[in-house]
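Here's a quick tour of a protein model, sheet by sheet and ring by ring. Have a look at the fold before reading on.

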Amino acid sequence: MKIMFASDIHGSAYYAGLLVKAYKESGADKLVLLGDILYHGPRNDLPKDYNPKQVIELLNAISDELLCVRGNCDTEVDQMVLSFPILADYAVLYLDGRMYYLTHGHKYGFDNFPNIKKGDAIVQGHTHVPVLEERDGILCVNPGSVSIPKEGSAHRCLIYENGEFREVILE
């Protein structure tokens, strides 16, 4: 199975458009969104082409291909306009013999693991900083941010295929 992981769109129509284009071109089976879809949050500057209504249209058009978990900037009112569920705090995927715990990262994350065991993986967003490393026997994955990357990282997401992750730069 080929899966694209992305996080922290924060209402940027420009980067949401690039993400959807990259997703379609990748041939991935599913797009996993790790939260913070429409609102930019009080700590972030407005991202390029901030237009949540356009992001809604872009994502609703592929709603049957999305799996999403809630970020700290996502609310019940956002769910009213999105045609795919966004309010679950986490999701679990089993890929190639490994359990992947999907979360935004503001409650559980790399510094506060949920109830998972060595050999499992946690995939989170929230920090806007890409990570792909093992910590205490647990694979830690963060695709970085689609629209507001931090610490000099690029606007990006990840593709998972055949047990491997590769970055996709959104330009």
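How many aromatic pairs does the structure hold? The answer is six, where rings of Phe, Tyr and Trp (its six-membered ring) pair if their centres lie within 6.5 Å.

## Ground rules

This is a predicted model, so to speak with conditions attached: local features need pLDDT of at least 70, side-chain atom pairs count only at pLDDT 80 or more, and totals for chains, interfaces and linings use all residues. Residues are numbered from 1 along each chain as its sequence is written, and side-chain values use heavy atoms, with hydrogens and water left out.

## Aromatic pairs

Let's start with one of those pairs. Tyr 100 and Tyr 160 meet edge-to-face, at 5.6 Å centre to centre and 70° between the planes; planes over 60 degrees apart count as edge-to-face, under 30 as stacked and the rest as tilted. This pair ties together distant parts of the chain, with Tyr 100 in strand β5 and Tyr 160 in strand β9, 60 residues apart. Both Tyr 100 and Tyr 160 are buried, meaning under 20% relative accessible area (exposed is over 50%, partly exposed in between; 1.4 Å probe, protein chains only).

Ring pairs also bring in Phe 5 and Phe 165, which join Tyr 100 and Tyr 160 in a cluster. Elsewhere, Lys 48 lies over the face of Tyr 14, at 3.9 Å from the ring centre. That label takes NZ of Lys or CZ of Arg within 6 Å of the ring centre and within 35 degrees of the ring normal.

## The sheet with β1 in the middle

One open sheet has five strands in the order β3-β2-β1-β9-β10, with mixed pairing. Strands here are DSSP runs (E, at least two residues; helices are H or I, at least four), numbered from the N terminus, and two strands pair if DSSP finds at least two bridges between them. The edges are β3 (66-68) and β10 (164-169), each pairing on one side only. Neighbouring strands are turned by 25° against each other on average, direction ignored.

At the β3 end, β2 (residues 30-33) pairs with β3 in the parallel sense over three bridges, and Leu 33 stands opposite Cys 68 in β3. Helix α1 (residues 13-26) lies across β1 (3-6), β2, β9 (156-161) and β10, running at about 165° to β1. Contact means heavy atoms within 4.5 Å; axes are lines fitted to C-alpha atoms, for helices over the stretch in contact, and angles run from 0 to 180 degrees between N-to-C directions.

## The sheet with β6 in the middle

Another open sheet of five strands runs β4-β5-β6-β8-β7, again with mixed pairing. Because β4 (90-95) and β7 (131-135) each have a single partner strand, one side of each is left without a neighbour in the sheet. The twist averages 20° from one strand to the next. β4 pairs with β5 (residues 98-103) in the antiparallel sense over six bridges, and Ala 91 stands opposite Leu 102 in β5.

What about β8 (residues 138-142)? Five of its five residues are buried: Ile 138, Cys 140 and Asn 142 on one side, Leu 139 and Val 141 on the other. Strand β6 (residues 121-123) runs parallel to β8, joined by three bridges, with Ala 121 partnering Leu 139. On the β7 side, five bridges join the antiparallel β7 and β8, including Leu 132 with Val 141. β7 and β8 form a hairpin with two residues between them, and Asp 136 in the turn has a positive phi of about 55°.
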